[in-house]
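Subject: Structure for your review

Dear colleague,

Please find below the structure that I am handing over to you, together with its sequence. My findings follow directly after it.

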Amino acid sequence: MMKQIKRLFVTVGTTQFDSLIKEVTSVPVLDVLAKLGFTHVNLQIGRGTYEPTEIAETNITPCITYYRFKDSLVDDIAEADLVICHAGAGSIMDSLGAKKHVLVVINEELMGNHQSELAAKLAKDNYLYYCSVPLLYKSLPSYDFNLLQLFPPGEPHKFADFLDKTLGFV
């Protein structure tokens with residue numbers, strides 16, 4: 001019997017978020033991902049200085065691939081069973097809009113990180129889970145992504161209203 005392919009896509013957008021890429025490619029987290037059945041991890045590493053070259057060149061499971069940028073992440077998101085992303089609105093909404101399970105990892109290195117407010121609100125509304133980099137290893141196996149609700153199909157004005165309320169503009 002062939003092993004079922006299960007894909008994780010990790011995206012940091014156009015930012016630098018080396019601590020997330022290092023954590024996802026650490027042996028403890030890779031072990032957790034393997035236990036959760038993930039066979040492939042695809043990393044979009046953005047402007048980061050860390051490249052997981054050594055780990056990507058091994059024959060470990062899950063298999064690791066990475067790149068910096070592409071014109072579009074639509075295909076990578078579509079192929080993923082789970083998306084782990086930074087708290088950028090674009091990454092979050094692209095993933096939720098594609099009806100994917102999403103785990104947002106907050107970049108606590110950013111000053112005045114309003115992005116964490118968006119993740120917290122979407123988590124409160126049961127659309128995604130979120131955590132910080134240091135909690136990823138312990139949090140990942142505890143999340144039941146099947147309990148999350150699907151994000152309603154795109155109505156841009158509703159999303160704009162949601163962002164305005166979440167960020168306190170209204």
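I begin with aspartate 125, which is found in the loop between helix 6 (115–124) and strand 6. Please note that the model is a predicted one. Aspartate 125 counts as partly exposed, because its relative accessibility is 25% and the buried class ends under 20%. Its side chain forms a salt bridge with lysine 121, and the closest N and O atoms of the two are 3.2 Å apart. Lysine 121 is likewise placed in the partly exposed class, at 29% relative accessibility. Aspartate 125 also has a distant point of reference along the chain: phenylalanine 151 is 26 residues away in sequence, and the two C-alpha atoms are separated by 9.5 Å.

Salt bridges

A search of the whole structure finds three salt bridges. In general, side chains of opposite charge can pair when their charged atoms come close. Besides the pair already described, glutamate 51 and arginine 68 meet through their side chains, with an N to O distance of 2.9 Å. Glutamate 51 lies in the loop between strand 2 (40–44) and helix 3 (53–56), and arginine 68 in the loop between strand 3 (63–67) and helix 4 (74–79), so this salt bridge ties together parts that are 17 residues apart in sequence. Both partners are partly exposed: glutamate 51 has a relative accessible area of 37%, and arginine 68 has one of 29%.

The remaining pair is lysine 70 and aspartate 76, whose side chains meet at 3.1 Å, N to O. Here the partners fall into separate classes of accessibility. Lysine 70 is partly exposed at 43% relative accessibility, whereas aspartate 76 is buried at 6%.

Overall architecture

The protein contains eight helices and six strands. In sequence order they give the pattern β-α-α-β-α-β-α-β-α-β-α-β-α-α. Of its 170 residues, 43% count as buried. The accessible surface comes to about 9500 Å², and carbon and sulfur atoms account for 55% of that area. Among contacts with a separation of 6 or more, 63% are made by residues that are 24 or more positions apart.

Nonpolar cores

In soluble globular proteins, nonpolar side chains tend to be buried together. The largest nonpolar core in this model has 29 residues, and Leu20 and Leu103 have the most contacts inside it. At least two residues of this core come from each of strand 1 (7–11), helix 1 (18–24), helix 2, strand 2, strand 4 (82–85), strand 5 (101–106) and strand 6 (129–132). Helix 2 gives the most, with four residues. A second, separate core has 19 residues, among them Ile77, Ile92, Met93 and Ala119.

Which residues does leucine 103 touch, once its neighbours within four places in sequence are left aside? Its contacts are Leu82, Val83, Ile84, Cys85, Tyr129, Tyr130, Cys131, Leu136, Leu140, Tyr143 and Phe145. One of these residues, cysteine 85, is buried with a relative accessible area of 0%.

Helices 2 and 5

Helix 2 spans residues 27–35 and includes aspartate 31. Aspartate 31 is partly exposed, with a relative accessible area of 41%. Proline 62 is 31 residues from aspartate 31 in sequence, while their C-alpha atoms are 8.4 Å apart in space.

Helix 5 covers residues 89–97, and its buried residues are Ser91, Ile92, Met93, Ser95 and Leu96. An α-helix has 3.6 residues a turn, so residues three or four places apart point the same way. After helix 5 comes lysine 99, which has a positive phi, near 60°.

Cysteines

How many disulfides does a search of the whole structure find? The result is zero. A disulfide, in general terms, is a covalent bond between the sulfur atoms of two cysteines. As to accessibility, cysteine 63 is partly exposed at 35%, whereas cysteine 85 is buried at 0%.

With kind regards

Terms used: Residues are numbered from 1 along each chain as its sequence is written. This is a predicted model: local features need pLDDT of at least 70, side-chain atom pairs count only at pLDDT 80 or more; totals for chains, interfaces and linings use all residues. Side-chain values use heavy atoms; hydrogens and water are left out. Buried means under 20% relative accessible area, exposed over 50%, partly exposed in between (1.4 Å probe, protein chains only). A disulfide is a pair of cysteine sulfur atoms within 2.5 Å. Contact means heavy atoms within 4.5 Å. Accessible areas come from the Shrake-Rupley method with a 1.4 Å probe; for residues, only the protein chains shown count as cover. A salt bridge is a side-chain nitrogen of Lys or Arg within 4 Å of a carboxyl oxygen of Asp or Glu. A nonpolar core is a set of buried Ala, Val, Leu, Ile, Met, Phe, Trp, Tyr and Cys residues joined through side-chain atoms within 4.5 Å.
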